[in-house]
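Trainee: I would like a close look at a single part of this model. Please take one helix, go through it in detail, and then place it in the rest of the chain.

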Amino acid sequence: MSQAFRILTALVVGLAIGMALANWAPDVGGHVLVVTKLVGGAWVHGLQMVIVPLVVALLVIGIAASAEAAKAGKIAARALLFFVAILWINTLISAFLMPLLLRLFPLRADWASALRASLPPANPDTHVPTLIEFFEKIVPTNILDAAASDAFLSMTFFAMVFAFAITRLPPARRKLLVDFFQAIADAMVVVINWVLVLAPIGVFCLSLGVGMEAGAAAFGALAHYVAMVSALGILVLLSAYPMAMIGARVGFGRFARAVLPSQVVALSTSSSLATLPTMLKSSEELGAPASVSGVVLPIAVAVFRATSPAMNLAVALYVAHLTGTTIGPAQLAAGVATAAITTMGSVSLPGTASFFASVAPVSVAMGVPIEALGLLVAVETVPDLFRTLGNVTMDVAVTATISARSGGGAKGETDREIEEIPG
């Protein structure tokens with residue numbers, strides 16, 4: 001039984017038992033709820049405690065690796081520029097589209113009220129910063145204070161500057177620092193894996209409380225959440241087709257046929273890395289020589305996740321909508337910046353760990369309560385399929401586009417670039 005299935009089973013069983021206790025033994029349920037809320041809260045805190053060091057370490061590693069890859073040649077540098085542009089465009093689209101989707105297809109008021117009542121209430125005294133205050137706080141005056149207060153936007157800015165500074169050091173010192181942060185990230189992943197062993201228990205405790213207080217409305221609300229967030233992944237997936245048609249000058253049918261085998265592997269594995277061999281073949285069928293796809297696709301798998309910033313921001317905006325958290329221009333700008341930048345450091349973590357490590361910084365930067373993430377992670381399996389599918393499709397489209405725009409790449413130059421790519 002896979003971990004995702006165990007977590008989903010824990011969610012369903014917890015909701016069912018919670019509803020049964022609420023209907024037939026509310027007094028007993030009240031006593032049980034005191035314990036389950038403590039256990040579920042402790043599990044969420046266990047995941048929260050590694051987010052700051054993990055995100056900073058991954059950002060330093062990811063940006064340093066991207067900068068090193070860009071030095072390898074023109075094709076690698078062009079690919080990174082494409083990646084950054086697409087990530088920011090997708091994030092900005094999500095910032096406008098997700099609120100629009102929630103207005104066009106709102107969560108039923110009774111479902112929202114029931115689920116909101118089972119979650120910790122939003123703090124009504126939270127200060128909403130102005131745009132001027134937002135820009136004033138981007139540059140941290142004290143990085144330790146920023147870390148202690150979960151100021152992820154300030155930490156992200158510092159991590160970016162620090163990572164680019166590392167790339168200017170002599171090779172020996174640069175390797176020393178990158179290895180240091182890699183060791184921190186590896187240690188945090190070990191801790192996360194320990195916490196994830198208890199994920200079914202944590203999700204069961206959280207969902208039992210939701211089942212008691214929200215009842216059957218929880219199922220409808222979770223289904224609505226899955227549909228709204230998956231819609232952003234589908235949008236990124238569909239945008240890869242016109243990119244290939246315009247950028248790579250290939251027809252819709254030709255691109256669809258070429259990328260289909262990669263999409264099938266992506267759906268069956270939920271892993272961009274496992275799809276890499278098939279993506280190389282798909283790119284070749286679109287006219288991209290190995291000298292180009294062999295440079296672009298490995299970098300794409302390592303640092304480019306086209307769907308991540310859009311869907312991560314969508315999750316944070318959905319939770320804000322659910323909890324009644326006010327999102328002003330400054331908070332939205334903080335969410336956009338954090339989502340677009342931190343995705344460059346997201347590595348191939350386990351699905352649950354990746355969800356927390358990617359979404360929690362965006363939510364915290366926007367002032368959105370993250371306690372609901374412990375429940376939403378149980379249904380992340382479906383959105384995660386669209387994440388992988390969109391990433392793989394966009395990777396192939398970008399590779400074909402870069403190949404067409406570079407004339408396929410000069411044989412001698414691109415061969416040297418492949419040899420110079422780190423790792």
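Mentor: What follows is an account of one helix, H12, with its flanks first and the rest of the chain after that.

The model is predicted, and the account should be read with that in mind. The protein chain contains 20 helices and zero strands. H12 is the helix that runs over residues 252–269.

Start with its dimensions. H12 has 18 residues, and the distance from its first C-alpha to its last is 25 Å. At 1.5 Å a residue, 26 Å would be expected, so the span is close to that value. The helix nevertheless has a bend of about 40° at Leu260. A proline, Pro261, follows that residue within four residues.

Leu260 itself deserves a second look. This residue lies in H12 and has a relative accessibility of 46%, which counts as partly exposed because the class covers values between 20% and 50%. Across the chain, the C-alpha atoms of Leu260 and Thr393 are 8.7 Å apart, although their positions lie 133 residues apart in the numbering.

Next, the covered face. The buried residues in H12 are Phe255, Ala258, Val259, Ser262, Gln263 and Ala266. An α-helix has 3.6 residues a turn, so residues three or four places apart point the same way. The list of buried positions can be read with that in mind: Phe255, Val259, Ser262 and Ala266 are among them. Three helices receive the packing of these buried residues: H11 (217–247), H13 (276–285) and H19 (381–405).

Now the two flanks. The loop between H11 and H12 holds Arg249. Its phi is positive, near 60°, and Arg249 is not a glycine. Most residues other than glycine have a negative phi. Arg249 is exposed, with a relative accessible area of 54%. On the other side, H12 is followed by Ser270, where phi is again positive, near 55°.

For comparison, consider helix H14, residues 290–303. H14 has 14 residues, and its end-to-end C-alpha distance of 20 Å is close to the expected 20 Å. Of those 14 residues, 10 are buried, and H14 is mostly covered. The buried set includes Ser291 and Ser293 along with Val292, Val295, Val296 and Leu297. Further along H14, Ile299, Ala300, Val301 and Val303 are buried as well.

One of the packing partners of H12, helix H19, also takes in a residue of a salt bridge: the side chains of Arg387 and Glu380 meet at 2.9 Å, N to O, and H19 spans 381–405. Both Arg387 and Glu380 are buried. A search of the whole structure finds two salt bridges. The other pair is Asp179 and Lys175, at 2.7 Å, N to O. Asp179 and Lys175 are four residues apart in helix H9 (residues 171–197), and therefore separated by about one helical turn. Asp179 is partly exposed, at a relative accessible area of 37%, whereas Lys175 is exposed, at 52%.

Two further places show a covered and an open setting. Gly62 is found in helix H3 (residues 51–70) and is buried, with a relative accessible area of 9%. The C-alpha atoms of Gly62 and Met160 are separated by 9.6 Å, and the two residues are 98 apart along the chain. Leu38, by contrast, lies in helix H2 and is exposed, with a relative accessible area of 62%. Leu38 belongs to a nonpolar patch on the surface, together with Val34, Val35, Val39, Val197, Leu198 and Ile201. The patch has about 670 Å² of accessible area together, and its largest share, four residues, comes from H2 (residues 26–48).

Last, the chain as a whole. Of its 423 residues, 52% are buried. The accessible surface comes to about 18,100 Å², and 70% of this belongs to carbon and sulfur atoms. Among contacts between residues at least 6 apart in sequence, 85% join residues at least 24 apart.

Terms used. Residues are numbered from 1 along each chain as its sequence is written. This is a predicted model: local features need pLDDT of at least 70, side-chain atom pairs count only at pLDDT 80 or more; totals for chains, interfaces and linings use all residues. Side-chain values use heavy atoms; hydrogens and water are left out. Helices (H or I, at least four residues) and strands (E, at least two) are DSSP runs, numbered from the N terminus. The bend at a residue is the angle between axes fitted to the seven residues ending there and the seven starting there. Buried means under 20% relative accessible area, exposed over 50%, partly exposed in between (1.4 Å probe, protein chains only). Contact means heavy atoms within 4.5 Å. Patches are made of residues with over 30% relative accessible area and no salt bridge: like charges are joined within 9 Å, nonpolar side chains (Val, Leu, Ile, Met, Phe, Trp, Tyr) within 5 Å. Accessible areas come from the Shrake-Rupley method with a 1.4 Å probe; for residues, only the protein chains shown count as cover. A salt bridge is a side-chain nitrogen of Lys or Arg within 4 Å of a carboxyl oxygen of Asp or Glu.
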